[in-house]
Structures are given as C-alpha cells and as structure tokens.
Amino acid sequence: MSIYKHLSCELEVWLLKVLILYGSKHGCTAKCAYLLRDKLGNADVMDVSQSTSVALDDYDAVVVGTPVYVGQINKAVSRFCNANLTALQEKRIGLFVCCGLPEKAMEQLEPGFPRELVQAARVKAYFGYQYEINRLNFFEKALMRLLGKHRDEGDIRHAVIEDFARSLTGSCH
C-alpha cells in the first residue's frame, strides 16, 4: 500500500464519528464499551439507561451493546433501538452482546434487536462476560448457585473487541 493511500485510510478512520451506546446491569457491558472506545481511539460512549437524549445526526457510525439476561437484551437498549430505528438504519452499525453463555450469545443477539437493525449491522459480535457474585441480587445469586457458579468469573474477549473495531471502521491494516 502506498504511503498516500495509507494516510488517506488513516485520516478517514480518524474522522469517522462513532457513538457507542450501551445498557449494563452489573458493569460488564459498560467495561466492554469503554474497551471498544479505546480500540477505536475516537468515540463517544453513552449509557442509554441513564440518558436517551442523543443527536444521532452527529455520528457516522453507531455501536449498540447490551447484556443478555435470561435470553433478553437490556430493556433500555431495546426501547432506544425501536424508538430510533430509522435513524440507526442510516448509520454504519455495529452490535455486540455480553452474556454468560458463550455458546448461545450470537443466537440471542439476533432476536433481541429489531430485525432491520441486525440486517443493517456491518459487524456483530460476542464480547464475553464477567460477573462478581457480590454485585448480584438474591435471585441472581441463587441462579448462579444452581448453575454451579460460586465465585467471580469472566472472559472478556479483547481480540474480538479489536477485530470488531477494525471491521467497523474498515481499517486498512
């Protein structure tokens, strides 16, 4: 690749305005959103359970991340996506999920988001999971004990987050 083409590509990626929207119950999805921001180098991050007021017109790309609990995506994320579906479809879209069942993660992503958004997504991924027993409520702790989980555990997939960032931006590397 010539130096001019390389610089042109780098400039395009640098100028891409990215918004990472997420909902998080215990912090794993928030952690992954910020890890992705660090990989992108130039992105805004917003928790949709704290605020839904955002000017989507200010962004070229939007990433939406959500945890999956008992087969359901975060309610605030679902509401935001449904309320802003038309505007989101006009953007470069990325979707990611965090959940404790890696083998089920991607099959839970597709029915969780609006079908049109899933189809429009440039990249979709499972970023991993993390839970801390002391942050869970009584019901969640009981469920974890039934699943044989008695201590903190996690598997954040840093390489997947890096690949996601590269695929979203169309990085030339």
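Which residues have the most contacts inside the largest nonpolar core? Before selecting them, keep in mind that this is a predicted model, in which local features need pLDDT of at least 70 and side-chain atom pairs count only at pLDDT 80 or more, while totals for chains, interfaces and linings use all residues. Residues are numbered from 1 along each chain as its sequence is written, and side-chain values use heavy atoms, with hydrogens and water left out.

Begin with the whole protein in a ribbon view, where 8 helices and 7 strands appear; these are DSSP runs numbered from the N terminus, helices being H or I runs of at least four residues and strands E runs of at least two. Of its 173 residues, 42% count as buried, a word that stands for under 20% relative accessible area with a 1.4 Å probe and protein chains only.

Now select L21, V62, V64, L88, L95, F113 and L117, which have the most contacts inside the largest nonpolar core, a set of 29 residues. A nonpolar core is a set of buried Ala, Val, Leu, Ile, Met, Phe, Trp, Tyr and Cys residues joined through side-chain atoms within 4.5 Å. At least two residues of this core come from each of β1, β3, α3 (75–83), α4 (85–89), β5 (92–98), α5 (105–112), α6 (115–120) and β6 (121–131). Apart from this core lies another, of 23 residues, including Y22, A30, C32 and F164.

Centre next on L117, which, not counting residues up to four places away in sequence, touches C81, L85, L88, I93 and L95; contact here means heavy atoms within 4.5 Å.

Move then to T66 in strand β3 (residues 61–69), which counts as buried because its relative accessibility is 0%. Leaving aside neighbours within four places in sequence, the contacts of T66 are G23, T29, I73, N74, V77, F96, V97, C98 and F113.

The last stop is S24, in the loop between β1 (18–22) and α2 (28–40). Is S24 buried or exposed? With a relative accessible area of 18%, S24 is buried. Show its side chain, which reaches the backbone nitrogen of G27 at 3.1 Å and the backbone nitrogen of A30 at 3.4 Å. Not counting residues up to four places away in sequence, S24 touches T29, A30, D47, P67 and N74, so that T29 and N74 can be kept selected from the previous stop, where T66 contacts them as well.

How values were computed
Buried < 20%, exposed > 50% of the residue type's maximum accessible area, 1.4 Å probe, protein only. Polar contact = N/O pair within 3.5 Å; in protein donor to acceptor, adjacent residues only side chain to side chain.
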